[in-house]
Amino acid sequence: MNTPSRRQTHQVKIDHITVGSESPVVVQSMTNTDTADAAATAAQVRELSEAGSEMVRITVNNPDSAAKVAEIRQRLDDMGCNTPLIGDFHFNGERLLAEFPECGRALSKYRINPGNVGKGAKGDEKFAFMIRTAAENGKAVRIGVNWGSLDQSLAKRMMDANLASPAPQPPEAVMKEALIVSALESAEKAVALGLPEDKIILSCKVSAVQDLIQVYRELAARCRYPLHLGLTEAGMGSKGIVASAAALSVLLQEGIGDTIRISLTPEPGTSRTQEVVVAQEILQTMGLRSFTPMVTACPGCGRTTSTVFQELAQDIQRYLREQMIVWRLQYPGVENLNVAVMGCVVNGPGESKLADIGISLPGTGETPIAPVYVDGERKVTLKGDNLAAEFLAIVREYVETNYGENGRKRDRSRIIPIQTA
């Protein structure tokens with residue numbers, strides 16, 4: 001598969017993870033627990049990590065939360081989870097870092113929003129303190145500009161200059177330019193304050209797909225900093241997933257983007273991990289990374305009135321994702337496995353032969369047998385009530401035989417390391 005060439009940037013080291021240039025695009029997520037509840041936050045970080053999030057951002061918004069960051073880090077270390085923690089600071093970050101220096105040391109990266117640091121000379125002092133603290137602790141910083149919290153003094157300055165121009169631009173164009181200027185000027189200030197260029201990541205988040213694409217194209221053309229991609233608020237359910245995929249896929253195809261987050265609004269009471277899964281699937285379907293074996297399944301039609309193939313495809317996908325927590329350590333390369341679960345004779349045998357392992361289930365009115373193909377050859381024919389369990393057993397045997405230390409399919413050139421808990 002041909003994959004996009006990556007934009008050349010500075011490489012930023014964040015603990016054991018390298019961000020930028022030819023390094024893998026990193027999957028990031030964020031907790032929604034109260035950071036002051038160290039046990040709950042550590043548990044959610046671990047859950048996100050096990051789902052595949054390679055860095056996790058936590059809110060640090062008050063003394064109670066800042067006081068617990070070091071404990072959260074220790075709890076994760078005790079659980080064997082080495083996922084880097086990112087501190088999300090707004091409004092009072094300099095005060096929290098000053099009052100709780102152990103917080104700044106426990107974090108692996110700080111996120112600073114220039115629009116929420118403060119105004120004028122006081123804001124400059126607060127920004128300088130946070131940047132110097134990061135530099136003293138050897139931490140990376142993401143300077144994250146948001147459409148909804150843009151530095152208003154900068155926006156006014158640029159709007160006034162635009163109005164005085166002989167050929168004024170539309171206000172929307174000026175606001176987009178202000179996002180980019182805010183990020184770049186803040187990065188320049190950070191470097192002048194002593195933060196190395198290879199400790200800086202930039203982002204300019206908005207909520208609309210076309211705006212995001214336009215802003216990041218321009219930002220990428222004007223700097224060599226790694227870029228963090230994501231819509232500010234993607235939304236819920238399919239809307240959030242489609243919007244994120246539409247925006248990020250265009251940019252990633254152009255080699256733009258070094259870390260990504262899918263900011264989905266979770267359904268009440270549901271796991272936060274869906275945003276991780278969506279991020280992984282965007283990268284994997286584009287051929288940029290491999291995280292878990294993929295299941296190819298037909299959509300179904302009038303030939304497939306039975307739901308057996310739908311249920312089997314769902315069970316297989318769930319089983320493979322659950323097993324990856326262990327398999328990624330035991331069987332390197334297994335994330336490249338391809339499994340096909342097809343519903344009738346039209347495309348079933350052909351698609352099954354193209355996969356590493358495939359099963360072609362009988363359609364409506366077809367003989368109630370299901371041939372299984374392994375590496376393009378018909379291996380066995382299944383039938384009866386235990387079909388699903390028997391197919392799972394074949395998948396397990398294939399993985400054990402073909403991957404790992406002695407597996408003939410082990411191909412380290414295709415393996416891009418991912419975060420493990």
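**Exercise 1. The chain as a whole**

How many helices and how many strands are there in the chain? Determine also whether the radius of gyration of the chain agrees with that of a compact globule.

*Solution.* The structure is a predicted model.

Step 1. The chain contains 14 helices and 17 strands.

Step 2. For 421 residues, a compact globule would have a radius of gyration near 22 Å. The chain has 24 Å, which agrees with that expectation.

Step 3. The extent of the chain may be added: along its principal axes, the C-alpha trace spans about 80 × 55 × 40 Å.

**Exercise 2. Burial, surface and charge**

State what percentage of the residues is buried, and describe the accessible surface and the charges of the chain.

*Solution.*

Step 1. A residue counts as buried when its relative accessible area is under 20%. Buried residues make up 52% of the 421 residues.

Step 2. The accessible surface of the chain comes to about 18300 Å², and 51% of this surface belongs to carbon and sulfur atoms.

Step 3. The chain has 45 positive and 49 negative charges, and the mean positions of these two groups are 2 Å apart.

Step 4. Contacts complete the description. Among contacts with a separation of 6 or more, 67% join residues that are 24 or more positions apart.

**Exercise 3. Two residues with positive phi**

S21 and F91 each have a positive phi. For each residue, find the place in the chain and decide: buried or exposed?

*Solution.*

Step 1. Most residues other than glycine have a negative phi. A positive value therefore departs from what most such residues show.

Step 2. The phi of S21 is near 50°. S21 is found in the loop between β2 (17-19) and β3 (26-30).

Step 3. S21 has a relative accessible area of 5%. This value is under 20%, so S21 is buried.

Step 4. The phi of F91 is near 70°. F91 has its place in the loop between β5 (85-89) and α4 (93-99).

Step 5. F91 has a relative accessibility of 56%. This value is over 50%, so F91 is exposed.

**Exercise 4. The nonpolar cores**

Which residues touch the most other members of the largest nonpolar core, and which helix supplies the largest share of that core?

*Solution.*

Step 1. The largest nonpolar core has 81 residues, and L202, L219 and L252 touch the most other members.

Step 2. Helix α8 (residues 171-192) supplies the largest share of this core, namely ten residues.

Step 3. A second, separate core has 33 residues, including V295, A313, V395 and Y398.

Step 4. The surroundings of L202 can now be examined, leaving aside neighbours within four places in sequence. Among the residues in contact with L202 are I143, A183, L184, A187, L219 and P226.

**Exercise 5. Two residues of helix α8**

A190 and V191 both lie in helix α8. Classify each residue by its accessibility and name its contacts beyond four places in sequence.

*Solution.*

Step 1. A190 has a relative accessibility of 0% and so counts as buried.

Step 2. Beyond four places in sequence, A190 touches F127, I131, I143, L195 and I200.

Step 3. V191 has a relative accessible area of 32%. Partly exposed residues fall between the limits of 20% and 50%, so V191 is partly exposed.

Step 4. Beyond four places in sequence, V191 is in contact with E197, I200 and Y225.

Step 5. Two distances follow. A190 and G287 are 97 residues apart in sequence and 35 Å apart in space, C-alpha to C-alpha. V191 and R132 are 59 residues apart in sequence and 10.0 Å apart in space, again C-alpha to C-alpha.

**Exercise 6. A loop residue and a helix residue**

Where in the chain are P226 and T133, and what are their relative accessible areas?

*Solution.*

Step 1. P226 is found in the loop between α9 (209-221) and β9 (228-229). With a relative accessibility of 0%, P226 counts as buried.

Step 2. P226 touches, among others beyond four places in sequence, R7, T9, V19, G20, L202 and D258.

Step 3. P226 is 205 residues from S21 in sequence, while the two C-alpha atoms are 7.6 Å apart in space.

Step 4. T133 lies in helix α6 (residues 120-137). T133 has a relative accessible area of 10% and is buried.

Step 5. Beyond four places in sequence, T133 touches L97 and Y110.

Note on methods. Residues are numbered from 1 along each chain as its sequence is written. This is a predicted model: local features need pLDDT of at least 70, side-chain atom pairs count only at pLDDT 80 or more; totals for chains, interfaces and linings use all residues. Side-chain values use heavy atoms; hydrogens and water are left out. Helices (H or I, at least four residues) and strands (E, at least two) are DSSP runs, numbered from the N terminus. The radius of gyration is taken over C-alpha atoms; the globule rule is 2.2 Å times the number of residues to the power 0.38. Buried means under 20% relative accessible area, exposed over 50%, partly exposed in between (1.4 Å probe, protein chains only). Contact means heavy atoms within 4.5 Å. Accessible areas come from the Shrake-Rupley method with a 1.4 Å probe; for residues, only the protein chains shown count as cover. Lys and Arg count as positive and Asp and Glu as negative; His and the chain ends are not counted. The place of a charge is taken as NZ of Lys, CZ of Arg, CG of Asp or CD of Glu. A nonpolar core is a set of buried Ala, Val, Leu, Ile, Met, Phe, Trp, Tyr and Cys residues joined through side-chain atoms within 4.5 Å.
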